[in-house]
Amino acid sequence: MRKLLICAAVGAAALAGPLSLQMPSAQSSTVARVIVKYRADSTLLRKQALSVAGQQTLQASALGNRIGVALGAGRAISERSHVVVARGMTSQQLATRLAAESDVEYAVADERKRILEVPNDPLYSSGPAVNTASGSGGPVVGQWYLKPPGAAGTAANTAPAAINAEQAWDITKGSPSIVVAVLDTGVRFDHSDLQGGNVLPGYDMVSEDSPGDFASANDGNARDPDASDPGDFVTAGEAVTLGCAQTSSSWHGTQTLSLIGAATDNGVGMASVGHGRVKVMPVRVLGKCGGFDSDIVAAIRWAAGIDVPGVPHNANPARVINMSLGGSVACSPQYSDAIGEANQVGAVVVAAAGNSAGHLVGSPASCPGAIAVGAVRHVGDKVGFSDLGPQIAISAPGGNCVNTGAGEACLYSMIAATNKGTTSPILNAAGGSTYTDAFDTTLGTSFSAPLVAGTAALMLSVQPALTPAQVKAKLQATARPFPTTGGTAGIPMCTTPNGSDQLECYCTTSTCGAGILDAHAAVASAAGVQPAISLTTTTPTANQAVALQSTSILGPGRTIAAYQWSILNAGTTGAAITGANDGASVVVTPTAAGAFVIQLTVTDDVGTSASTTLSVTVVSGVVTPPASTPTTGGGGGGGGSVDVGWLALLLGAVAALAATAPRQRARAVSAASRRGRSRGRSDRA
Amino acid sequence: MVKLVRGSDDAAAISAEATRIAGVRVSYAAASSAQWHALALHCASVAECGDAIARLRGAADVYQAVEIDGRKSRSAS
């Protein structure tokens, strides 16, 4: 395994001397580390007859005195900057306090960076050498679509649409308890890159064309337990009898499955989103000339663990179902029934949008409950072949060529496992296993969908309790925005399909989904904290302490590293945090009635942060009817008006009484009602 | 494909009832669930099949839905 150490810009500076932290001795387990740089004119930089370490110890001490925190000096970074440490607070909190000092140019948390594991599969880095004469090799950029996109606006940002699986693997490489069903042409089980033990047997759901006619199935039988792909080639004769175009075998199912489940970091071939740990289950539904709806909807159910008459029970229910297939635009009821049932038992259904060059999204991607996936080019705009429309949930790379001249290598095609056979498969033992490249290209929304399906599997690996709707919401919420520059000069913005082809265009959220898939952000979102606040004070009252508690939920194996509470909007309440604002609970003291909004930001031990807010209504401290009631109306008539402040008092009283004893509720409401009526009468002029 | 009002996995009974209602020979193709089943209609002409499908669709007490069992294809470009 090759390991790429991504270093902190400052923290990794190659500085001489051992790290010697002079740690303050306060009793607290939280240690803050901050890099502080002094202003050039800072009085703290006055030269002393001391070593650099000695001077910086004094500087830290002086700076600490100013903010009332015992600071220790850490490693020197330059003449004006060094690390300081303190106990009892987070690095971010210390940085914030130090940054406010006039002598400080900047103060930033000295964050710990982690090792990113780059898989050692040779095709991950680069395809084989391009040989234009023989039409083989490439793409030079390897599996570009799995890599980090590079910082926006930098030279490293060559493929902004890359999904950043690399950093997602830093959180999880997937769980073998998560199964992704791949409904496709079956698979070549003997492919050299599918030998990691994560490929389940699956099932062959392709039924006969008519009694005794197995032409489409091409395996001499109807439904059976053998999900291997016998080839979907169509001869000239079959093109007539079956009604589709003559073609060679596609090994389409092997390609899509390999993007999700190829053995990874095994020094062989390609890497996959599921890193070879997530289980993949081929369910064969496509034969020659495609597959029948009846077989596909049967497979959706079976894959999700729902029994289908005549088919053995699936002992490995899939949490994710990938369908890189499609057809007619409308979602027919058999699909909506099956997808709805699959969702109901917890299966995420992912489907390719279709490749008719900017027309309406096909079925089953157009069905409610499916996550429809469109395709973007390496720079993030819509690739010409991809369909589009409001049904698309998210977009992901689908391969694009840039070079389109005869004999030129496709620069940004995908790499996928395939077979060398043009009709029947060639066994691996006979050298049949191979990969697509820059000439034998893998292009289409067929290959965008597995990237999303694989990401969903990683998300479920860290948080199995997520529902299909939650997975979709997190995929969308964490997607990167579509770019509006970088495409071929002069291309338009994408628009709603209107019956005409719509080739390369700049995506919008109403045509290509919420954005570009970001596997790292999606998995981090699933793994990280789901912040939540609960109000532990029954009736928040002015001038009384209001207690709030974090009830945040964490992914398995995660711990909370930091809490940060803040008043976002005090409103009329004058609410302020009393005491510490970095614990699991917090106390707020409002001084007047009204409402305040408090925010909680929680950071887990892998650095994922999330925030939530809660609006808290505060009632006045004393429930006493006003001695006299000013009139608000200028004349008689009507039913009078009810003073809002008085009504708030009444409701507060109701809430307090209701909270003390349920049996009192009826009486309290009754009393409030009486007061309200009384108040109404007194308002009359 | 037909969606039965009352689910069943009795292929013979399903095809026999469909034959009676459609007025042409109907053979059983495959199950997609207890409610959804694929059937093959054996017609002499496209028009005859159209009429048979219309009769199936008219039998609302037996079938909740009647859909053509179309084909889907892989989404590779």
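Two strands are taken to pair if DSSP finds at least two bridges between them. In this predicted model, that criterion applies across the two chains: β10(A) and strand β5 of chain B, residues 71-74, are joined by 2 bridges and run antiparallel. Within this pairing, G291(A) has K72(B) of β5(B) as its bridge partner.

The strand pairing belongs to a contact between the chains to which chain A contributes 40 residues and chain B contributes 24 residues. On the side of chain A that touches chain B, at least two residues each are supplied by β10 (291-292), α7 (293-304), β12 (325-326) and α8 (333-344). The largest share of this side, 7 residues, is provided by α7(A). Its composition by class is 14 nonpolar, 20 polar and 6 charged residues.

Chain A also contains an open sheet of 7 strands, paired in parallel and arranged in the order β8-β9-β7-β11-β13-β14-β15. The edges are occupied by β8 (203-204) and β15 (392-397) of chain A; each has a single partner strand, so one side of each lacks a neighbour in the sheet. Strand β13 (residues 348-352) of chain A runs parallel to strand β14 (residues 370-376) of chain A, and 4 bridges join these two strands. In this pair, A370(A) of β14(A) is the residue opposite V349(A).

Other strands of the sheet are crossed by a helix. Helix α6 of chain A, residues 252-261, lies across β7 (179-184), β9 (279-284) and β11 (320-323) of chain A. Relative to β7(A), helix α6 of chain A runs at about 160°.

Note on methods
Residues numbered from 1 in each chain as written. Chains lettered and ligands numbered in written order. Predicted model: local features only at pLDDT ≥ 70, side-chain atom pairs only at ≥ 80, totals over all residues. Contact = placed C-beta atoms within 7 Å. Nonpolar A, V, L, I, M, F, W, Y, C, P; charged D, E, K, R; others polar. Axes fitted to C-alpha atoms, helices over the stretch in contact; angles between N-to-C directions.
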